[in-house]
Structure formats: structure tokens, C-alpha cells
Amino acid sequence: MLRKIIKINEEKCNGCSACAAACHEGAIQMVDGKAKLTREDYCDGLGDCLPACPTNAISFEEREAPAYNEAAVKAAKAHGTLPCGCPGTHSKAIRRETAVCHTDTVPSQLSQWPVQIKLVPVNAPYFDGANLLIAADCTAFAYGNFHNEFIRNHITLIGCPKLDEGDYAEKLTQIISVNDIKSVTVVRMEVPCCGGLENAAKSALRASGKFIPWQVVTISTDGRIIN
């Protein structure tokens with residue numbers, strides 16, 4: 001059918017994810033650091049995402065597109081997932097969906113997306129005044145209370161220097177240099193390969209020329225904080 005629907009200019013998109021958070025229907029997702037209209041039938045054409053975009057990368061166009069499927073949107077919300085299988089983003093922060101695990105529910109403390117160092121945009125608005133957590137991928141699995149003790153009230157970046165190509169230092173330097181970062185916490189495993197993450201963070205702090213409080217926390221392979 002011919003109807004009004006949003007159009008995203010990827011060249012203008014800075015990857016801040018504000019539009020995805022503003023889209024109550026979950027039609028917009030972040031893919032490779034860029035906003036994409038992943039479900040045309042989830043877009044109601046009302047444009048809640050337009051004023052949220054800081055670069056004016058979103059506009060309306062009239063073209064052939066599937067009809068808005070309100071029933072599918074409601075079903076996705078009821079299950080707490082979006083088309084990609086991720087939790088719904090119905091606020092500026094990621095919605096606090098709880099995972100059902102037979103007897104217990106554990107709320108996520110994650111407040112932004114994406115989290116991979118390689119994918120996060122350098123000038124995302126959530127970096128303003130942030131306490132930055134730079135964590136090795138394995139730490140959240142090894143330490144049971146990771147969300148409450150480390151992710152809570154932090155902007156989280158994760159990576160694995162052994163598996164990812166290249167050095168994180170340049171990207172981290174840009175993030176620290178151009179944003180008002182209040183503190184940096186590095187959480188690593190005791191294994192030697194995690195030294196690459198710690199060294200990259202230290203190099204970034206030095207290169208930024210800023211004096212920012214920082215600390216390194218090391219997790220043992222059996223889930224203990226060892227320093």
C-alpha cells in the first residue's frame with residue numbers, strides 16, 4: 001500500500017541510538033552502529049523519532065510499504081522483545097526487562113546500546129558526564145553480581161583484545177578526549193590476554209591529556225575480585 005513512512009539517511013546518522021529509544025513500536029534498530037528501519041510494518045508513520053535525531057537524519061517519505069501492524073507491535077511488546085530479539089527500547093535508556101528464570105528475576109542495569117567498543121559511536125550523547133566502565137567480555141560471566149556492582153550508574157564498553165582485531169587505544173582515546181568523562185573503571189580477568197584491554201585504557205587516558213579518576217579491577221577465573 002502507498003503510505004507515509006520514515007526514511008533514514010545513513011550518511012547523516014551518527015549512531016547515537018536516540019531514534020531507536022524514541023520509537024515506541026521498535027521499528028528502528030541499531031545495525032553496525034547505524035540506525036535502520038528494520039520493520040516497516042512496525043512504523044506507524046507518526047514520527048516520534050524525528051525530533052529525537054540530533055543530526056536531522058530522519059525524514060518522511062510516501063512510498064509503497066506494508067501496512068502498520070499494530071497487533072504485531074503489541075505482541076512484541078508483551079514478550080519484551082523486538083524483531084531482532086533484543087529487549088525493547090521504550091525510553092532514553094534501555095527498558096529494564098527482567099529475565100524469567102523459574103524462581104528469580106534479575107534486573108539489567110545496562111543503560112545504553114551498543115556496548116561493543118568497536119561499535120559504539122564516539123560522540124554518543126550518553127557519554128556526557130558519564131562514569132565509564134571498560135570491561136572484558138568474560139567478566140560479566142565470571143562475576144555473578146557484575147550488573148549491580150559495575151554496570152549500575154555507568155556507561156558500559158566491552159571488548160576482548162584476544163579476539164578483536166586491532167588496538168582499542170585509538171577509539172578509547174577519542175571517546176575520552178571529546179566527551180566529559182567523569183571516571184574510568186577497567187574490569188578485566190586475571191588471564192594475560194586481558195592485559196591488552198587494561199593497557200589500551202591506560203594509553204587512552206594518557207593520550208587524552210585529561211586528569212580523570214580511574215581504577216582497574218581484576219576478576220579471577222573462579223569469580224572473585226582479586227585486586
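Biologist: How many charged residues does the lining of the second largest cavity have?
Modeller: This is a predicted model, where local features need pLDDT of at least 70, side-chain atom pairs count only at pLDDT 80 or more, and totals for chains, interfaces and linings use all residues. Residues are numbered from 1 along each chain as its sequence is written, and side-chain values use heavy atoms, without hydrogens and water. A cavity is a set of points on a 1 Å grid over the protein atoms alone where a 1.4 Å probe fits but cannot get out, and lining residues have an atom within 4 Å of a point. This lining has ten nonpolar residues (Cys and Ala count here), four polar ones and no charged residues.

Biologist: And which residues are closest to the centre of that second largest cavity?
Modeller: Its lining holds 14 residues. The closest to the centre are Ala 35 and four cysteines: Cys 13, Cys 16, Cys 19 and Cys 53.

Biologist: What about the largest cavity, how many charged residues line that one?
Modeller: Of its 15 lining residues, Cys 23, Glu 25, Asp 44, Asp 48 and Cys 49 are closest to the centre. By class, the lining has nine nonpolar residues, three polar and three charged.

Biologist: Why is strand 7 largely enclosed by the rest of the structure?
Modeller: Strand 7 is a DSSP run (E, at least two residues), and covers residues 131–136. It's largely enclosed because five of its six residues are buried, meaning under 20% relative accessible area.

Biologist: Which residue in strand 8 stands opposite Leu 132?
Modeller: Strand 7 and strand 8 (residues 155–159) run parallel, joined by five bridges; two are enough for strands to pair. Leu 132 stands opposite Ile 155.

Conventions: Buried means under 20% relative accessible area, exposed over 50%, partly exposed in between (1.4 Å probe, protein chains only). Helices (H or I, at least four residues) and strands (E, at least two) are DSSP runs, numbered from the N terminus. On a 1 Å grid over the protein atoms alone, a cavity is a set of points where a 1.4 Å probe fits but cannot get out, and a pocket is an open set with protein on both sides within 12 Å along at least five of seven lines; lining residues have an atom within 4 Å of a point.
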